[in-house]
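Student: I have a structure here that I have not looked at before. Can we go through a few parts of it together?

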Amino acid sequence: MTGTPTHCPYCALQCGMTLHRERGAVRVEPRDDVPANRGGLCQKGWTAAELLTVPDRLRTPMTRRRKGAPLEPCTWDEALDRVAAGASRLRSLHGPDAVAVFGGGGLTNEKAYLLGKFARVALGTSQIDYNGRFCMASAAAASGRAFGMDRGLPGPVTDLAASGAILLAGDPAETMPPFMRHLTGMRDAGGALIVVDPRRTATARQSDLHLQPAPGTDIALANGLLHLAITEGLADEGYIAARTAGFDAVRTVVNAYWPDRVERITGVPVPAMREAVRLLARARRAHVLTARGAEQHARGTDMVSGFINLALALGLPGRAGSGYGCLTGQGNGQGGREHGQKADQLPGYRRIDDPAARAHVARVWGVAPETLPGPGRSAYELLSALGTPDGPKALLLFGSNPAVSAPRAAHVEERLGALDLLVVADVVPSETARLADVVLPAAQWAEESGTMTNLEGRVLRRRRAVPPPDGVRTDLEIITALAGRLDAPGEWSADPEAVFAELRRASAGGIADYSGITYDRVEAEGGVFWPCPAEDHPGTPRPYLDRFPTPDGRARFVPVDHHGAAEDVDADYPLYLTTGRVLAQYQSGAQTRRVAALAEAAPGPFVELHPDLAGRLGIEDGARVRVESRRGTATVQARLTGTIRPDTVFMPFHWAGDGRANLLTNPALDPVSRMPEFKVCAVRLHPCPARGDDPTHTPSAPRLEVSGF
């Protein structure tokens, strides 16, 4: 029996686990030496080894001879030659932006870095983005403009247990259950948990105070809380004067958010708002935390800024044991947004339109700065442009499943089908892989090495525990093989440690400076916090204690106003739809739907609605329901619960077919982060007649004929 210490393949908590190989199988054992989980795992973590043996694992490259033909097995040389030849042909016909690249927040730091380099150097394209744009982009943008830096939590996750009060806009009990032990420890020590959510979620049920606003009204709520903090004399005037800028403009804006008005907008009672502010202000240490609920909006950046303004007014950021933090979602959602797979970014969290940044990275890559492309389209804009006259004609996709996860999913699926060449590197035949012209079987978490950066900003080691199946290659091997076929300049390696060494040089001097982090240090220290500009630097677990990384060292207040959802309810679509996750599934479900225990725990899509609403619509618990928006229709099972507002329904987004929540969602984009508005749109519900009596029923589209899956 041998054991390999590593980390869970799922969320950004990156729980520690040891993988044991026993008689040909792999067993998961939680690690108690990792502060994030301290020996705890959720159901997804406990069953993670089953991903290694799913029956439909991709094990050989596949291609289509022509559009509409089935995918057929081929050799690696045939597949890679076709990709390189197709990309070269389209670039020569239409220019470098004819070929696009789409990455994922679950890719290791090494893969995210090399993918960005591949796009800019081997392809010369500006058309690269990643699915993290759908997750953490608004919090990243808001943190950047407030603090000069975007880094998940303001300190180690263990700081939370010593907090006296935490305001949390999110539901980690469903998305990262081991995180809850830190909140439980805080409450056991006498601290207060305040949860903001339109639903009485598993997290809200463990709170001391639940604020239940209407979807899309978080800015009004945050401004109302700040109004109360100011009028009740709870703002930290000394801190505001010494460490911030822009407070007067924010004070002027929030003057218009008196408590009664905010209650009318949000539905949150004034006494509850008043109690929340007092709990936060009177705690010796306190945190304000946001997750996707405050971010996935057409005004998500402003929503997060509203909560940051509240934290700043109370004097929290930059105080040890206090602050504002974002609960990053995907496994490498933090590192994945730092090193170049974003449309506007170069490694080290550098801006691609900054001449000094371009010159530095070009030196590392061995190319001239003027050869690097400029900013490209953001994720949804990129997907929506595929196959259009002015858009990319080919897409290379790694670690994402936008046919399920993107907003207005039917439109995105249509655009994927319009491409001349769709190449998908994946572990399993996801819904997007089934649309591809070339499928490349990729190694997964326990079959490769690299680094991940968790929600604390702590760089961790992912270690290879088992070899990939015969015929499977790592993403690094795939990228370097394609770079070679495209005669890309510079040096290219598929060795993770060599790639990380180059990443260190490319990030040096940037906001996310990894130059002092080595594999040996990560191993010896159990992780290193960035920024870490030298090998003798201790790392930076709490980055704002002395100053903020802004030109004058001060944090910025940003005035924000409530505008409501991009699509409000009306007579035709009278209900709010909000979307989210369930405990036993993850992201688009491509992995978790294949694990028997998880599929049994959460077998299919549903819509959650209040019994009063169900009574008015004649919908019974367990009945099939049509949920309709202006973009599409989903058919799912009804779940009645008193934990949701009567004007709101909820759907998780983990399933494909005609139960896809993202058939309904609104692609309206935040003007700053370009985040789509996943969290609120207008819908209507209808009970489904028996299928034989329903002339409007459309069955799920049949699966494409695929040879060898």
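Student: Which ring does the charged end of Arg261 sit over?

Tutor: The charged end of Arg261 sits over the ring of Tyr257, 4.7 Å from the ring centre. Keep in mind that this is a predicted model.

Student: And what about Arg151, which ring is under its charged end?

Tutor: That one is Trp530, with the charged end of Arg151 5.9 Å from the centre of the ring.

Student: Staying with rings, how many aromatic pairs are there in the whole structure?

Tutor: The search finds 10 aromatic pairs. One of them is Phe147 with Phe548: the ring centres are 5.7 Å apart and the planes are at 20°, so this pair is stacked.

Student: Where do Phe147 and Phe548 lie?

Tutor: Phe147 is in helix H4 (residues 137-147), while Phe548 is in the loop between strand S21 (528-529) and strand S22 (555-556). The pair therefore ties together parts that are 401 residues apart in sequence.

Student: Is Phe147 buried or exposed?

Tutor: Phe147 has 1% relative accessibility, so it counts as buried. Phe548 is at 0% and counts as buried too.

Student: Which residues do ring pairs link into a cluster with those two?

Tutor: Tyr324 and Tyr544. Ring pairs link them with Phe147 and Phe548.

Student: New topic, sheets. What is the strand order in the open sheet with S1?

Tutor: The order is S1-S2-S3, and the pairing is antiparallel. Strand S1 (2-7) and strand S3 (25-30) each have a single partner strand, so each has one side without a neighbour in the sheet. Neighbouring strands there are turned by 30° against each other on average, direction ignored.

Student: How many bridges are there between S2 and S3?

Tutor: Six, with strand S2 covering residues 16-22. As one position to look at, Thr18 is opposite Glu29 in S3.

Student: What order do the strands take in the open sheet of five?

Tutor: S10-S9-S8-S12-S13, with parallel pairing. Strand S10 (209-211) and strand S13 (323-326) are the edge strands, each pairing on one side only. The twist from one strand to the next averages 15°.

Student: How many bridges join S9 to S10?

Tutor: Three bridges join strand S9 (residues 192-196) to S10, and the two run parallel. Val195 is the residue that stands opposite His210 in S10.

Student: Now S25. How many of its residues are buried?

Tutor: Four of the five residues in strand S25 (residues 624-628) are buried, which leaves the strand mostly covered.

Student: What joins S25 to S26?

Tutor: A hairpin, through four residues. S25 and strand S26 (residues 633-640) pair in the antiparallel sense over five bridges, and Arg624 has Gln637 in S26 as its bridge partner.

Student: And how many bridges join S25 to S30?

Tutor: Four, and those two strands run antiparallel. Arg626 stands opposite His686 in S30.

Student: There is a loop just before S30. Which residue has its place between S29 and S30?

Tutor: Lys679 is in that loop, between strand S29 (676-677) and strand S30 (681-687). Lys679 has 10% relative accessibility, so it counts as buried.

Student: What is Lys679 in contact with, leaving aside its neighbours in sequence?

Tutor: Leaving out those within four places in sequence, the contacts include Pro215, Arg292, His297 and Leu577. Lys679 and Ala298 are 381 residues apart in sequence, and their C-alpha atoms are 9.2 Å apart.

Student: Last one, a helix. How many residues does H19 have?

Tutor: Helix H19 (residues 496-507) has 12 residues. From its first C-alpha to its last it reaches 16 Å, close to the 16 Å expected at 1.5 Å a residue.

Student: Which residues of H19 are buried?

Tutor: Among them are Val499, Phe500, Leu503 and Ala506.

Student: Why would buried residues recur along a helix at three or four places apart?

Tutor: An α-helix has 3.6 residues a turn, so residues with that spacing point the same way.

Student: What do the buried residues of H19 pack against?

Tutor: The partners include helix H3 (109-123), helix H14 (355-365), strand S19 (450-453) and helix H20 (519-525).

Student: And which residue just after H19 takes a positive phi?

Tutor: Gly509, with a phi of about 85°.

Methods. Residues numbered from 1 in each chain as written. Predicted model: local features only at pLDDT ≥ 70, side-chain atom pairs only at ≥ 80, totals over all residues. Heavy atoms only, no water. Phe/Tyr/Trp six-rings, centres within 6.5 Å; stacked < 30°, edge-to-face > 60°. Buried < 20%, exposed > 50% of the residue type's maximum accessible area, 1.4 Å probe, protein only. Lys NZ or Arg CZ within 6 Å of the ring centre and 35° of its normal. Contact = heavy atoms within 4.5 Å. Pairing = 2+ DSSP bridges. Axes fitted to C-alpha atoms, helices over the stretch in contact; angles between N-to-C directions. Expected span 1.5 Å × (residues − 1).
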